[in-house]
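Here's a quick tour of a protein model with a ligand in it. Have a look at the fold first, and then we'll walk through a few of its parts.

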Amino acid sequence: MRFYPSVRTRRSKGGEFSIRKFEPPYWAFHLGSATSAGESSVPQRLRSKIVIIGGGQAGGRLAQRLAADPDRFEVTLVCREPHPPYERPPLSKGVLLQTASLGTCLLWPESDPAWTRVERHTGVSAETIEREARTVRLSNGERLRYDFLALATGSSARRLTSPGSELDEIYHLRNIDDAVAIANRFVAGKRLIVVGGGFIGLEIAACARQRKLEVTVVEASDRLLARVVPPEIAGLLAKRHAAEGIALKMGSMVQRFIGNSRGAVKAVELSSGQILPCDLAVVGIGAKPETDLARAAGLDVAVGIRVDASLRSSDPAIFACGDVATFWHPLFEQPIRFEAWQNAEDHARVAASVLRGEPAACDFVPWFWSDQYDLSLQIAGLPYLGSSVVTRRLSSDAVILFHLGPTGRIFGATGLGKVESIGRDVRGAQALIAARIHPNPAALRDPHQRLRAMLKEPAPAGPDSFFP
Ligand SMILES: Cc1cc2nc3c(=O)[nH]c(=O)nc-3n(C[C@H](O)[C@H](O)[C@H](O)COP(=O)(O)OP(=O)(O)OC[C@H]3O[C@@H](n4cnc5c(N)ncnc54)[C@H](O)[C@@H]3O)c2cc1C
């Protein structure tokens with residue numbers, strides 16, 4: 001997961017990113033109203049044709065939600081991958097451990113009759129959006145007409161450009177086919193190098209170790225998860241990975257990959273000159289949003305596709321949701337982009353409501369988790385907005401850090417421990433963040449104090465800004 005404060009505005013400056021919370025969308029009047037009568041009794045012209053590009057977490061869930069309302073929507077789903085929509089979090093967990101498969105990761109079962117109400121184009125890419133004509137051209141030459149278009153194109157794995165990057169046995173992990181290929185290469189005793197000490201790299205390393213590979217993690221920064229978790233949490237995680245037998249090479253860059261006579265990687269040379277022999281390597285150095293289609297269509301793109309709190313882009317007939325959307329967040333008063341499962345789910349819910357003409361805005365508190373061994377790492381809110389940290393020690397192996405702004409308002413929480421140890425407090429922190437609470441630090445520190453009891457804490461007088 002990465003949090004992107006793509007533009008650090010001081011306050012809402014109005015304009016296209018002003019919060020149009022609960023304003024009925026202008027097209028609501030053209031949709032007609034849903035009736036309880038059967039599909040056939042609804043005049044065709046009252047149904048909106050919705051084309052969704054990207055059949056991942058956000059696009060697949062949006063299709064499912066809209067397909068539940070056949071009186072209102074004709075749904076078309078276009079996806080580059082040949083598979084039905086599936087969830088990605090198990091790819092770096094259960095699929096690598098070979099306890100999960102495509103079948104167990106599906107977003108909604110193939111047997112669901114609602115699927116018959118979705119026109120599916122799988123294994124096909126959307127290549128051009130023709131906004132004037134309201135059509136999308138596909139890689140197979142077909143053209144799809146839309147009333148409303150939802151872009152849910154997600155992210156793609158970043159690639160290294162170091163010499164030798166094209167050798168065999170060097171993998172990336174973004175989709176189910178990548179995960180199955182990597183899982184099949186996890187043979188006990190093989191030497192694996194994981195490039196990148198971020199969430200995905202560490203989950204891959206933990207799974208490989210559980211499958212008895214010899215694992216080295218190479219990380220450019222001087223600590224794990226440098227961009228997203230505080231040093232204390234990173235340190236605890238590093239200690240656990242080392243205790244599991246993983247070698248951590250911090251502050252190390254890949255200089256080049258060295259191949260054998262069959263064109264497969266046999267070693268990695270670091271910038272220090274050290275050579276690490278290996279049988280395979282997995283590169284996990286982050287992801288980038290898939291914005292090419294939107295950019296070529298002339299939509300406003302920041303890091304992701306810029307949308308308002310209702311997920312409408314600079315073209316009101318086009319929405320963006322999931323990883324690819326940089327959306328206005330009313331609670332934090334700034335545009336934000338997340339790469340997280342919950343965010344994709346929330347966006348699908350908001351986009352479906354807005355298309356139905358119901359009031360909805362992306363004002364939820366972000367939440368992300370990562371599983372490594374029996375540890376759960378959970379992040380709520382936007383920790384990077386905090387200027388001070390209060391630590392609550394829940395037990396010898398569970399801790400939660402609260403991130404407070406300059407006025408004492410809580411903006412985030414980062415927890416590490418067994419899921420049953422930290423789950424309740426992370427959920428409590430989410431409630432405090434949503435309510436813009438300024439909790440008493442002494443009470444936050446005390447594990448016996450219930451966080452929800454702090455929901456009544458009075459806010460201090462003065463401006464409630466998180467900017468120093
Ligand atoms: C290995 C892995 C593990 C993860 N683990 C966690 C976790 O533990 N916790 C967590 O909170 N989050 C996790 N995430 C993040 C989470 O899965 C993503 O944030 C979520 O999948 C985003 O959903 P999305 O629909 O925006 O994009 P995606 O799920 O990536 O779906 C986008 C789809 O659009 C398709 N597409 C792109 N361009 C086109 C085009 N032009 N035409 C047609 N189709 C196109 C892509 O092929 C893809 O199928 C993980 C992600 C990965 C990759």
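Let's start with a pair of strands: E24 and strand E27 (residues 410-417) run antiparallel to each other and are joined by six bridges. Keep in mind that this is a predicted model. From this pair we'll move to a neighbouring hairpin, then to a small sheet, the ligand and the chain as a whole.

**Strand E24 and its partners**
- If you want to spot the E24–E27 pairing by residue, find Gly 381, whose bridge partner in E27 is Gly 412.
- E24 also pairs with E23, again in the antiparallel sense, and six bridges hold that pairing too.
- Here you can look for Ser 370, which sits opposite Leu 377 in E24.
- E23 and E24 make a hairpin with two residues between the strands, and in this hairpin Tyr 373 has a positive phi near 55 degrees.
- Is strand E24 (residues 375-381) mostly covered or mostly open? It's mostly covered, with seven of its seven residues buried.

**A small open sheet**
- Three strands, in the order E5-E6-E7, make an open sheet with antiparallel pairing.
- Strand E5 (126-130) and strand E7 (143-145) are the edge strands, so to speak: each of them pairs on one side only.
- On average, neighbouring strands of this sheet are turned by 25 degrees against each other, ignoring direction.
- E5 and strand E6 (residues 135-138) run antiparallel and are joined by four bridges.
- One place to see this is Ile 129, whose bridge partner in E6 is Val 136.

**Around the ligand**
- Which residues come nearest to the ligand? Of the 38 residues around it, they are Gly 54, Gly 56, Arg 88, Gly 154 and Gly 322.
- Helix H2 (57-67), strand E3 (73-79), helix H9 (341-355) and strand E23 (367-372) each give two or more residues to this shell.
- You've already met E23 as the hairpin partner of E24.
- Sorted by type, the shell has 18 nonpolar, 13 polar and seven charged residues.
- Why does the ligand lie between two domains? Because domain 1 (3-156 + 288-355) and domain 2 (159-285) both give residues to the shell around it.

**The chain as a whole**
- The protein chain has eleven helices and 27 strands.
- Of its 468 residues, 44% are buried.
- Take the contacts between residues at least 6 apart in sequence: 63% of them join residues at least 24 apart.

Note on methods. Residues are numbered from 1 along each chain as its sequence is written. This is a predicted model: local features need pLDDT of at least 70, side-chain atom pairs count only at pLDDT 80 or more; totals for chains, interfaces and linings use all residues. A residue is near a molecule or strand if its C-beta atom, placed from the backbone, lies within 6 Å of it. Ala, Val, Leu, Ile, Met, Phe, Trp, Tyr, Cys and Pro count as nonpolar, Asp, Glu, Lys and Arg as charged, and the others, Gly among them, as polar. Domain bounds come from an automatic or database domain assignment. Axes are lines fitted to C-alpha atoms, for helices over the stretch in contact, and angles run from 0 to 180 degrees between N-to-C directions. A residue is buried if 20 or more other C-beta atoms lie within 10 Å of its own, exposed if 12 or fewer, and partly exposed in between; C-beta atoms are placed from the backbone. Two residues are in contact if their C-beta atoms, placed from the backbone, lie within 7 Å.
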